[in-house]
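Got the viewer open and a cartoon representation on screen? Here is a walk through the model, one selection at a time.

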Amino acid sequence: MREKWILETKRADFEGLSRQLGVMPLVVKCMVNRGISTQEEMREYLFGTKEDLHKPFLMRDMQKALDIIREAKEQGETVAVSSDFDCDGIFSAYILWRAFRRIGMDVRIYTPDRVQEGYGLNRRIIDEALADGRKLLITCDNGIAANEEIRYAKDRDMTVIVTDHHEVQEALPKADAVLDPKREDDTYPFQGLCGAGVAFKLIDALYGAFGISEEEKWQLIPYAAVATVADVMELRGENRIIVREGLRMLPEVDNPGLQALFEVQGLSGKTITAGHIGFIIGPCFNAAGRIATVEDSFSLLMEQDATEAEKKAQHLKEINESRRAMTDEGAARALAILEEKRGVGELPPVLIVLLPDVHESLVGIIAGRVKEQYNHPVIVFTETEDGCVKGSGRSIEAYDMFRSLMACKDLMLRFGGHKMAAGMTLRKENLPELERRLCGAAELTEEDFRPVVRIDAAMPVGYVTETLIRELSKMEPFGVGNSKPVFAEQHFRILRGQRLGREKNVLKLRVENQGGSQCDAIMFRGADEFDAFVREEWGEGELLRMYEGKENRLDAALTYYPEINEYRGRCTVQIQIIGYCRVK
């Protein structure tokens, strides 16, 4: 799919701000390109610390929630935490579980069965908690849409506190306290927290009220950091501070289970990045809730024995490897269905795919894979035993999936989500009507389906040094809402190429620009697509000459991110290829 390259041209006093902040003008330009315009915003972005986090009592109902918990403790009540089965739900619940135990309260975590019950609080959890004698119910990463279930709990004399970060669908649930920065009447300064972020805010208030030290409170921030990245939250505002501080503390985190997982994944002793969480750690915890049982994840986090933790970490790794294989197979089937559809006409604006026998916990990941391929909004469904279909959607910037699906809510049995992602259950016979309505109302153009690459600056690779790369690292952590800086240069000669990795899916090129500067260029995904690009533009013979390191006619423009490659104690500058095209 042909990308649309846009060179950012926002203006500012780059030199003046550079002197005031003590960073290179290029870093200032990259911040301006990300909408960070004032010196104060830049200072917080670059140098914000834990002390810059907003006070928890700025969140609506925080004092009310604290009063409820204090009274419950005085009366000797026990706590039920209603969690979810994804990484955010797992780490939200763990934060609450650990904190309530710390203040001397009996607490138990309850989670829904993903296949049998679906997302969120349900009556079985409420009944089970009541049977255990638990009268205080606290939801985490769910509850904002559980109006009926919370009414059911209140009718049985439970006290309910909701902690959530999802959109309010119609009306707030009739809980005793509702902590959600997205509620319309909330004045909390930052709406982008994940579920664990909201839970951490509650614990911030709770530890202060019970005289527990700041040091102990901050010991919980690594768990909020993992959840923030794994739940694909924007790394802006408070999230940047939570993730940056959490990543700094993760290597020494006081949790044998996490340390064992770092060990089996080859991360012990390394600097842990947001990428490690997003692609290695988070998927392991998510996998247990998807194709096994979420109890495997909680068991690992709560394990105190190092030997047992290693066994449980290895088990979680194996579950994730199985999940990955199942996902690959499901994604291949989905892409084949859409390619067949494209063969007989244009693809519809919103892609609806039914995979009858795929594991329902994988449809969201598969939808994400399909979206990457076509850059269309995608919803992937699978069939359930009761004549329904369960789906999960992933969207593009130009399409508000939550709002579009809200207009079709009459077709839904269950529904929830936000602008970029959603989950739903409906009768199978309603699926064609859903597709008809979504595609009919989608005001999307072909331009919306072109992936956009925003280039921070046109920069010859000869300018790239280790000092510049270290300067750019001050913008970390990178992720959603704070992408890595992207640079571009035209007219690279490709001197040679080689495939690396166990599956030979990593492409390493040696490139030279018109000024004679040479460096290595790496592409971790899309090697086959790059080969196809070379064949189409220059022919099979030129591709073979590239791999043989022979003189060839290849002349390409590249978008890239510069990085330092450390190998056997030797550091060299290389670029990571983001995009490419032929210079006409």
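Start by selecting I161 and A177: I161 stands opposite A177, which belongs to β6. One thing to keep in mind as you click around is that this is a predicted model.

**The parallel sheet**

Now widen the selection to the two strands. β5 covers residues 159-163 and pairs with β6 in the parallel sense, over three bridges. While you are here, add helix α7, residues 147-155. This helix packs on the sheet, touching β4 and β5, and its direction makes about 155 degrees with that of β5.

Next, bring in the rest of the sheet. It is open, has five strands with parallel pairing, and reads β3-β2-β4-β5-β6 in order. Which strands stand at the edges? Colour 107-110 and 177-179: these are β3 and β6, and each has a single partner strand, so one side of each is left without a neighbour in the sheet. Direction ignored, neighbouring strands here are turned by 20 degrees against each other on average.

Select 123-131 to get helix α6. It lies across β2 (79-82), β3 and β4 (136-140), and runs at about 155 degrees to β3.

Before leaving, stop at D141. You will find it in the loop between β4 and α7. Its phi is positive, about 60 degrees, although D141 is not a glycine. For background, most residues other than glycine have a negative phi.

**The mixed sheet**

Move along the chain to another open sheet of five strands, this one with mixed pairing and the order β7-β8-β9-β11-β10. β7 (351-354) and β10 are its edge strands; each has a single partner, so one side of each lacks a neighbour in the sheet. The average turn between neighbouring strands is 15 degrees in this sheet, direction ignored.

Zoom in on the β7 edge. Strand β8, residues 378-383, runs parallel to β7, and four bridges join the two. Show side chains for L354 and F381 to see a facing pair: L354 stands opposite F381 in β8.

Then swing over to the other edge. β10 and β11 run antiparallel and are joined by six bridges. Together they make a hairpin, with two residues between the strands. Pick G416 and look for its bridge partner in β11, which is G423.

What lies across this sheet? Select 431-441: helix α18 lies across β7, β8, β9, β10 and β11, running at about 165 degrees to β7.

**The second largest pocket**

Keep the mixed sheet visible and turn on a surface. The second largest pocket holds about 370 Å³ of space. Its lining is made up of 15 residues; select V115, Q116, T384, D386 and K390 for the ones nearest its centre. Three strands each supply at least two residues of the lining: β9 (388-394), β10 (412-418) and β11 (421-427). Colour the lining by residue class and you get eight charged, four polar and three nonpolar.

**Two last stops**

Go to the peptide bond from E476 to P477. Is it cis or trans? It is cis, with omega near 5 degrees. As a rule, most peptide bonds are trans. P477 sits in the loop between α19 (466-472) and β14 (487-500).

Finally, show the aromatic rings. The whole structure has 12 aromatic pairs. One of them is F530 with Y580, an edge-to-face pair at 4.9 Å centre to centre with 85 degrees between the planes. F530 lies in helix α20 (residues 527-538) and Y580 in strand β18 (residues 570-582), so this pair ties together parts that are 50 residues apart in sequence.

Technical notes:
Residues numbered from 1 in each chain as written. Predicted model: local features only at pLDDT ≥ 70, side-chain atom pairs only at ≥ 80, totals over all residues. Heavy atoms only, no water. 1 Å grid on protein atoms, 1.4 Å probe; cavity = no way out; pocket = protein on both sides within 12 Å on 5 of 7 lines; lining within 4 Å. Points joined across faces, edges and corners; volume = space filled by probe spheres on them. Nonpolar A, V, L, I, M, F, W, Y, C, P; charged D, E, K, R; others polar. Pairing = 2+ DSSP bridges. Axes fitted to C-alpha atoms, helices over the stretch in contact; angles between N-to-C directions. Contact = heavy atoms within 4.5 Å. Phe/Tyr/Trp six-rings, centres within 6.5 Å; stacked < 30°, edge-to-face > 60°.
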